[in-house]
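Subject: A structure to look at, with notes

Dear colleague,

I am passing on a structure that I would like you to look through at your own pace. Please open it first, and then read the notes below beside it.

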Amino acid sequence: MDHYDGEEDYMPQEDDWDRDLLLDPAWEKQQRKTFTAWCNSHLRKAGTQIENIEEDFRDGLKLMLLLEVISGERLAKPERGKMRVHKISNVNKALDFIASKGVKLVSIGAEEIVDGNAKMTLGMIWTIILRFAIQDISVEETSAKEGLLLWCQRKTAPYKNVNIQNFHISWKDGLGFCALIHRHRPELIDYGKLRKDDPMTNLNTAFDVAEKYLDIPKMLDAEDIISTLRPDEKAVMTYVSCYYHAFSGKQKAETAANRICKVLAVNQENEQLMEDYEKLASDLLEWIRRTIPWLENRLPENTMQAMQQKLEDFRDYRRLHKPPKVQEKCQLEINFNTLQTKLRLSNRPAFMPSEGKMVSDINNAWGNLEGAEKGYEEWLLNEIRRLERLDHLAEKFRQKAAIHEAWTEGKEDMLQKRDYETASLSEIKALLKKHEAFESDLAAHQDRVEQIAAIAQELNELDYYDSPSVNARCQRICDQWDALGALTQKRSEALQRTEKLLETIDQLYLEFAKRAAPFNNWMEGAMEDLQDTFIVHTIEEIQGLSTAHEQFKATLPEADKERQAILGIHNEIAKIVQTYHVNMAGTNPYTTINPQEINAKWDKVRQLVPQRDQALIEEHARQQNNERLRRQFANQANIIGPWIQNKMEEIGRISIEMHGTLEDQLTHLRQYEKSIVNYKPKIDQLEGDHQLIQEALIFDNKHTNYTMEHIRVGWEQLLTTIARTINEIENQILTRDAKGISQDQLNEFRASFNHFDRKRTGIMDAEDFKTCLISMGYNLGENEFSRIMSIVDPNRMGIVTFQAFIDFMSRETADTDTADQVMASFKVLAGDKNYILADELRRELPPDQAEYCIARMAPYTGPDGVPGALDYMSFSTALYGESDL
């Protein structure tokens, strides 16, 4: 366990937390209630509170927030994770901050706080209370606990029955609390009616009055104090310290210090806003710079899987990565507008971001991002479509090439045979007829070779990744085809030379061969078509394929008749051979096709027909499902698209035609924003439908003109517009409160602005603004108008927003003067002198703000030779620079 040792120990020995013994149960109960109420009195300033003191500080987040509120300083950025290591890290940051304030934390470690150790948690809170609520108390050269006790004794000395000697039993009868209240606010308590023998009434009276009128929460229970022999000293001291802080100091000094504190706080807050803007702008620009090259990369992948992964990455970008950046961009503009408004209200120059980080630069960079994004998704889908087409063509090429290669197998050897040299006359004539049949068959295959070459050419044109192997295979087929042609011609010439020696021919075999060859080719083409893969995108396309298939089935009866006729020829040959005892060696010399092969291929065709039927039915069902997805998306898109447009128009009207108080308008707009945000599930549902469409590879939708891109852009613009409108109202409230503008004045400003906003856009151009000023009685020359425009339009955009308009009008009509207030505050702090010392600032202001002011006064020399003394002009220049107060 780590130990924290400061340079000084401001806790007296008797106040050290006992880490070895358990708390007294009664004391622990009092401390829990008191410390919880004390913490909540500060946490409420940050809009939160705790319920269980050892549980709610375990993750360190509210502990860090408490320290920021009571110290007025920013701690290191907390960890947002839920793991134990994140919680320990946050608690350590808080303990490090306490140690940096000179506090010695002995044996208090982050692990014990994270584990919910009640004793250690209460000890840590007591240490914080001592440091930030009690240590700085100083009365007549005594401080901390002794100073607080002396202050109580001085304030209650005139009251009978009150004898404050400690922070436990001296307060049991309640008269001490009542005396402190009566001493400073006598109108709140009738002290003369209080009785020492009625402690319950005294205590409850003091606690109720302190909570109601002094904003001191109830940290003690009257029953616990009365029933406890010795009330817990730490709980009582914590509660009494709240009285000290509520009553100590003079009212005028408080008012003066508060004014200066306000100026200092505004300066600090504005500087922090500037730093936050610069960092957020840099981060957003860096993200855009890194994202644009990724979106502009149009290098295609070779496989469908790789391209689909690119598409999924893009979907993640649109769904997960970009929406937070849209919010950051909107928040950046809101922060910029808020900062400019606060600077104008403080009479400070307009904030000019670093070069390249203006709002316009952010918008330009964002435009470049959306320009790069535009078309990227379309390119991805087109590439997927191209790869799908390539895969289909490659498969078709392989099928046709395999069929052709199977057909050409052995053909070269057959054509190179010299069997005609030793054949008989009848055999020679048979060889000649057989060759004629082969030539017919060869011619029939010409279309397939041309189709193979055409497919290979298309694959090359579409940049198919495996084009080299396709080209090599296509070249082999073409070379073989040329060789077959040359060999066929050579064999034909040889047979024709021998034909004169031949006299007889078997007509029946020749007729069989001639009719069997085209029929066989028809069956091979039918089998090829029935097994051919297909790709369709619409119902109409699959219906066209189904119609063509039905037409093909209608030709089967005629094809069967042709088959029977061809088989009849073969049967006739067999009959003649048997009848005339012809020596035919058992085979047809004119063709390699036999009846068994014809029957086998015919059976194959009959088998493939129902398989094709089933494939077409399944594809038809898929296309019906795709049509359902199209209609499902279109039905929602046709509702959401007009809804977004209507909301944009309504926001435009609201921003121009606002009625009621600014708070009413802000409430109405936030309710309106909530109704818009509640619509987000419908957008998410539409995103889901869109993803289903893309996963189904649906590329068009005739049922709607809205794309998902239109819906996304419209939704982002709608959220940005309502956020900007709300921010404008918030800035108007800031201006009204700072300048003391009445609701009637605001309504008058709004009426004037709307009257001269002729285009009803929510802004006035320079000419409309000039006309408005003339109508209000301004005698404007060019120089004067240029000066006014530099105030209302510091970025020289040529427009005047309503916020800038009311800022200008409020400055013109303001009843108070910041310089007068600062002068009054200066005089209160300076007293009879005409200067103020740095030590006086340290005494009257909180430490951090006093040092902030002194650091800015360092360059200025004081009057009358007094070291560290500042007159009013040096003081005001330190706060406001060289501007005329």
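Leaving aside residues up to four places away in sequence, which residues does Ile128 touch? They are Trp38, Leu63, Leu67, Ile70, Ile98 and Ala133, where a contact means heavy atoms within 4.5 Å.

Before going further, please keep in mind that this is a predicted model, in which local features need pLDDT of at least 70 and side-chain atom pairs count only at pLDDT 80 or more, while totals for chains, interfaces and linings use all residues. Residues are numbered from 1 along each chain as its sequence is written, and side-chain values use heavy atoms, with hydrogens and water left out.

Confidence and overall make-up

The predictor's confidence in each residue is given as pLDDT, on a scale from 0 to 100, and its mean over the chain is 79, with 86% of the residues reaching 70 or more. Two stretches call for care: pLDDT stays under 50 over residues 1–22, for which the model has 54 contacts beyond four places in sequence, and pLDDT also stays under 50 over residues 814–818, for which the model has 4 such contacts beyond four places in sequence.

The chain has 34 helices and 6 strands, both taken as DSSP runs and numbered from the N terminus (helices are H or I with at least four residues, strands are E with at least two). Of its 885 residues, 45% are buried; here buried means under 20% relative accessible area, exposed means over 50%, and partly exposed lies in between, with a 1.4 Å probe and protein chains only. The accessible surface of the chain comes to about 45500 Å², of which 49% belongs to carbon and sulfur atoms; these areas come from the Shrake-Rupley method with a 1.4 Å probe, and for residues only the protein chains shown count as cover. Among the contacts in the chain with a separation of 6 or more, 75% are between residues 24 or more positions apart.

The nonpolar cores

In soluble globular proteins, nonpolar side chains tend to be buried together. A nonpolar core is here a set of buried Ala, Val, Leu, Ile, Met, Phe, Trp, Tyr and Cys residues joined through side-chain atoms within 4.5 Å. The largest such core has 80 residues, and within it Ile128, Phe177 and Tyr243 touch the most other members. Helix H6 (residues 118–134) gives the most to this core, with 11 residues. Apart from it lies another core, of 48 residues, which includes Ile729, Phe769, Ile788 and Met809.

One helix shows how burial can be arranged around an axis. In helix H29 (residues 782–792), the buried residues are Phe785, Ile788, Met789 and Val792. Because they cover an arc of only 100° around the axis, they are on the same side of H29, the arc being that of the directions from the helix axis to the C-beta atoms.

Cysteines

How many disulfides does a search of the whole structure find? It finds 0, a disulfide being a pair of cysteine sulfur atoms within 2.5 Å. Cys474 is in no disulfide, and the nearest cysteine sulfur, that of Cys478, is 4.1 Å away. Cys474 counts as buried at 9% relative accessibility, and Cys178 is buried too, with a relative accessible area of 0%.

Some individual residues

Glu296, in helix H12 (residues 251–296), is partly exposed, with a relative accessible area of 49%. Its C-alpha atom is separated by 9.5 Å from that of Gly375, which is 79 residues away along the chain. Asn382, in helix H15 (residues 376–408), is partly exposed at 42% relative accessibility, and its C-alpha atom is 8.8 Å from that of Phe699, although the two residues are 317 apart in sequence.

Two residues in loops have a positive phi although neither is a glycine. Asn161, between helix H7 (144–156) and helix H8 (175–184), has a phi of about 65° and is partly exposed, with a relative accessible area of 44%. Asp215, between helix H9 (199–213) and helix H10 (222–227), has a phi near 60° and counts as exposed at 66% relative accessibility.

With best wishes
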